[in-house]
Amino acid sequence: MSIFDDFIRFDENENLSYNRWIEWDHFLIPNKPEWYREILRNLMAIFAHCMSCSALDGCYLLDTNRPKQPLHEHCDCRKKDISFSKVENKSYAECDIAKFTEYVFKNVRDSKGKNKIFYDLGYSVKDSEYLKKEYCRQALKQYLLGNYKLKNLDRRGQRLAIPTDLKGKKFYSGWMLCPEGKIRNITPFGGWIK
Ligand SMILES: [Zn+2]
């Protein structure tokens, strides 16, 4: 990492582009604490402020890879330029180990669920801690590279599909974008990358 990271980046096609990041902003919504943020979001919703918009408040996005503004008629959202160093310093990925222990590896070996993919790759419930850490490591790296796809946006927030690689097999995992650079895993497997 160098001082130039604040200005330039390489996109997925290895083209040089400007590493411009923004913080989504909706007035009156605090980034934290979460309970207070939720109270204000719900309160603002009573006054017809869109919850998809307030869910984006405080989130860091690459300016060239973000929902458009305005998001809808009478949208109050703004964006603030922020330095990549700030994004890099504050961002972190979070994954509940239960995503593996209670979801991926919950069912028996020969069940037809998504867990078959993980068993086929040679993983078992014993690898949950490793997978959790590996998912977070990869997702944070890809997020900071701006290498994410915008998926569903609703009152709970903006979902991102992030490329993940396990033993050379490439697929998307699903993440929720949260304020101040936090991303939280919601789906360990969201489809193969062709
Ligand atoms: Zn808005």
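## Domain organisation

Domain bounds, as used here, come from an automatic or database domain assignment. In this predicted model, the protein chain is divided into domain 1, covering residues 3-89, and domain 2, covering residues 90-187. The C-alpha centres of domain 1 and domain 2 are 22 Å apart.

## Contact between the domains

The contact between the two parts of the chain involves 19 residues of domain 1 and 18 residues of domain 2. On the side of domain 1 that touches domain 2, three elements each supply at least two residues: α2 (51-56), β4 and α3 (84-90). By class, this side of domain 1 has 8 nonpolar, 5 polar and 6 charged residues.

## The three-stranded sheet

One open sheet is formed by 3 strands in the order β4-β3-β5, and the pairing is antiparallel. Its edge strands are β4 (60-62) and β5 (78-82), each of which pairs on one side only. On average, and with direction ignored, neighbouring strands of this sheet are turned by 40° against each other.

Within the sheet, strand β3 (residues 21-25) is joined to β4 by 3 bridges, and these two strands run antiparallel. Trp21 stands opposite Leu62 in β4. Strand β4 thus has two roles in the description: it is an edge strand of this sheet, and it supplies at least two residues of the side of domain 1 that touches domain 2.

## The five-stranded sheet

Another open sheet consists of 5 strands in the order β6-β10-β9-β8-β7, with mixed pairing. The edge strands here are β6 (92-94) and β7 (149-154), and each pairs on one side only. Neighbouring strands of this sheet are turned by 35° against each other on average, direction ignored.

The edge strand β7 is joined to strand β8 (residues 157-166) by 4 bridges, and the two run antiparallel. Leu150 has Leu160 in β8 as its bridge partner.

## A helix across the sheet

Helix α6 comprises residues 128-144 and lies across β6, β8, β9 (169-177) and β10 (182-187). Relative to β8, helix α6 runs at about 115°. Strand β8 is therefore described both by its pairing, with 4 bridges to β7, and by its place among the strands that helix α6 lies across, where contact is taken as C-beta atoms, placed from the backbone, within 7 Å.

Terms used
Residues are numbered from 1 along each chain as its sequence is written. This is a predicted model: local features need pLDDT of at least 70, side-chain atom pairs count only at pLDDT 80 or more; totals for chains, interfaces and linings use all residues. Two strands pair if DSSP finds at least two bridges between them. Axes are lines fitted to C-alpha atoms, for helices over the stretch in contact, and angles run from 0 to 180 degrees between N-to-C directions. Ala, Val, Leu, Ile, Met, Phe, Trp, Tyr, Cys and Pro count as nonpolar, Asp, Glu, Lys and Arg as charged, and the others, Gly among them, as polar.
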